[in-house]
Amino acid sequence: MKKILYVAFIAALGASSLSSCSDFLEAENKTNKSANSYFSTEEGLSSLRVNAYYSLKTLVSQTDIYEWGTDLYIPTRGKEADAEVFNKYTLNAETDDVENYYEDTYSMINNANCLLYYGSNNAQYAAEAKFLRCYGYYLLTQQFGAVPYITEYIQDATTGYPRTELSEIYPALIEELESIKDDTNLPESDVNGNISRRAVNALLAKVCLAAGWDLQTTLVNATAGTYTINDNPTYFTKAYGYAIDAIGSQSLTMSFEDKWSPSNEHNAEEIFSVQYDRASYPGDVTKGGHGLQNEYGNYYGDCSASGYKYTTSMKALSEKALYLWDKGDERFDGTFMTTIYNYDGTWGTTGYYAYYNSSNTSTLPIGLRYFPYYVTEEEVETELSANADRYAKGNNVNDVYLYILSDPVIMYSYNSQTEQWEKSELTYSLCNEKSYGTTVVKKWDDPETSQISTNTTNDYRDIVIFHLSDMYLTAAEAYLMAGDKVNALKYINYVRTRANAVNINDFSEYDPEYSRSSELTEIDVILDERARELFAENQRWIDLRRTRQLVRYNIEFNSEITSVSEMSNTDGEIKWYRPIPATELNSNTAMTSDDQNPGY
């Protein structure tokens, strides 16, 4: 699939940037053949398939709309303005990021409809098109609620598409996905970016879980995050059933570190992913990837000088996130780069990427070292003493710092005049404003990244959309909402056991270390486990909205929000969804301002 995406699509179109199937048709059909003639051939139809898959890239590489305005991430180094409209919930119908996301999702849906229009006689392509269309509508419903539900290929300027209620969209998506979940024209499973029957079950689990929350629960109090569940929550039952189907008989036996290792792409835990491949990209390889490795964490300076990874100073760990991982939980070191080697001018084998590329890291000098909150000062000082030669700057570029990531942060720095290590305390907020002040996420690291100071399209790691442990936690949430706490805990503990975290025997015994002002609920246990397992995977805002905790968590953990009124309009309508873009309301003749989401 990687080679197909780059060679068959980009090379054929001269690496042009196309936003829809209609653009693709215009660019591709350069013969005297009609579109119907050309796209009835295997070559033409295959190119439409690639175009449909390719249009996923824009959707899955964004982070702002998925992560801001939640409890886990904060901006650093004066980047507050970039996050402000999301974190302060001042979005409006003309916010570019929201408008672009809406349009890109509908573009992908129209590409899927295009593939289905021309490829209805190709059973495999038709099934893939239906999956992609359903995935697009899953994303739209989670961000915008009720939206126009369009299943025809739009070939002209027709714009009269009314909003369709969630009570109609969800059953339609489930029915369509159920029609292909056993389709043998799709492979049973696939780890190379192709849609499989396993991926269909995973998407069904997600859609049914969302339908359960949106159609079979009732909000009681937004500030408290309380809700009631209908007497017959059938969608939750469907959700755990499909999650278990996606899991199959596969256990979580791979270590968390190995699961996310860049040398272990296409591993058995992947269910569906969007593919990238540097070797097959025909253009400037510094511009053909994505920027997920650059998004999550603190600023490390100009990588061309420091030898460290370039980051955008966005989405560093929040104060809550510092305290999510208990001692022994291997997901902390599996998620974050806790040891960064110093740089002697040799890119790749010293500096940040030496972690992956050096043949022997055990003797490399260390430039930055991050310890979780539960590590004591005595333990850090013992580490310093035992490895004094490795913490010496010597002829390397960067000064050396060690941090205990707590609030306040304990920072160790070397004073060259006194030739002594000095210890200081800084508030986490102040430390986070400094270069190197906190660690970065390594889940999306690409060890072959070029040394370009501010490039954010230089990452060719595949972007995983569905994977095994997510399905375990989806099953756990669905079981909980269906009233089966025993199975809910069982599936949570499967995930925790793999991470070497202590099992939870009862929801009431869960007591994380982060500061909070209210009593924890059972859904908090699920959400915290999802935070640990799925950190930096573009899931958090959708998770909080779905579970009706969006307002509660923002008031509690987002420093920009202090009351529900700040997430509401002057009429008191809460902004549970993103605004329908003004361009849609102005151009769609079947919609008016009355169709705008509450709160805007």
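I began with W325 and F336, and I noted that both are buried. The model I am reading is predicted.

**Aromatic pairs**

I looked up the total and found 43 aromatic pairs in the structure. I then took Y135 and F466, which pair edge-to-face with 6.0 Å between the centres and 85° between the planes. I traced this pair along the chain: Y135 belongs to helix α9 (residues 123–144) and F466 to strand β13 (residues 463–467), with the two positions 331 residues apart, so I logged the pair as a link between distant parts of the chain. I checked burial next. Y135 has a relative accessible area of 6%, and F466 has 2%. Because buried means under 20%, I entered both Y135 and F466 as buried.

I went back to W325 and F336 for the geometry. Their rings are also arranged edge-to-face, at 5.2 Å centre to centre and with 85° between the planes. W325 sits in the loop between α15 and α16 (331–335), while F336 sits in the loop between α16 and β8 (339–341), so the pair ties together parts eleven residues apart in sequence.

I also listed one aromatic cluster, formed by Y66, Y101, Y102, Y106, Y137, F144 and Y149.

**Charges over rings**

I looked for charged ends lying over aromatic rings and wrote down two cases. R578 lies over the face of W541, 3.7 Å from the ring centre. The charged end of R516 sits over the ring of Y514, at 5.5 Å from the centre of that ring.

**Salt bridges**

I noted a count of 37 salt bridges. One of them joins the side chains of K320 and D71, with 2.6 Å from N to O. I located K320 in helix α15 (residues 319–322) and D71 in the loop between α6 (64–67) and β1 (73–74); the two are 249 residues apart, and the pair links distant parts of the chain. I found K320 buried, and D71 buried as well.

The next one I looked up is E269 with K259, where the closest N and O atoms are 3.0 Å apart. K259 is in helix α13, and E269 is in the loop between α13 (256–259) and β6 (270–274), ten residues away. Are E269 and K259 buried or exposed? E269 has a relative accessibility of 1% and therefore counts as buried. K259 counts as buried because its relative accessibility is 6%.

I followed this pair further and found that K259 and E269 belong to a network of salt bridges. The network also links D329, R331, R496, R498, E529, R532 and E533.

I took K393 and D399 as another case. Their side chains meet in a salt bridge of 3.1 Å, N to O. K393 counts as partly exposed because its relative accessibility is 33%. D399, with a relative accessible area of 42%, is partly exposed too. I recall that the limits for this class are 20% and 50%, so both values fall in between.

**Helix α4**

My last item was helix α4, which covers residues 42–54 and has 13 residues. I compared its span with the expected one: α4 reaches 18 Å from its first C-alpha to its last, close to the 18 Å expected at 1.5 Å a residue. Which residues of α4 are buried? I listed G44, L45, S47, L48, R49, V50, N51, A52 and Y53.

Methods: Residues numbered from 1 in each chain as written. Predicted model: local features only at pLDDT ≥ 70, side-chain atom pairs only at ≥ 80, totals over all residues. Heavy atoms only, no water. Salt bridge = Lys/Arg side-chain N within 4 Å of Asp/Glu carboxyl O. Helix = DSSP H or I, 4+ residues; strand = E, 2+ residues; numbered from the N terminus. Buried < 20%, exposed > 50% of the residue type's maximum accessible area, 1.4 Å probe, protein only. Phe/Tyr/Trp six-rings, centres within 6.5 Å; stacked < 30°, edge-to-face > 60°. Lys NZ or Arg CZ within 6 Å of the ring centre and 35° of its normal. Expected span 1.5 Å × (residues − 1).
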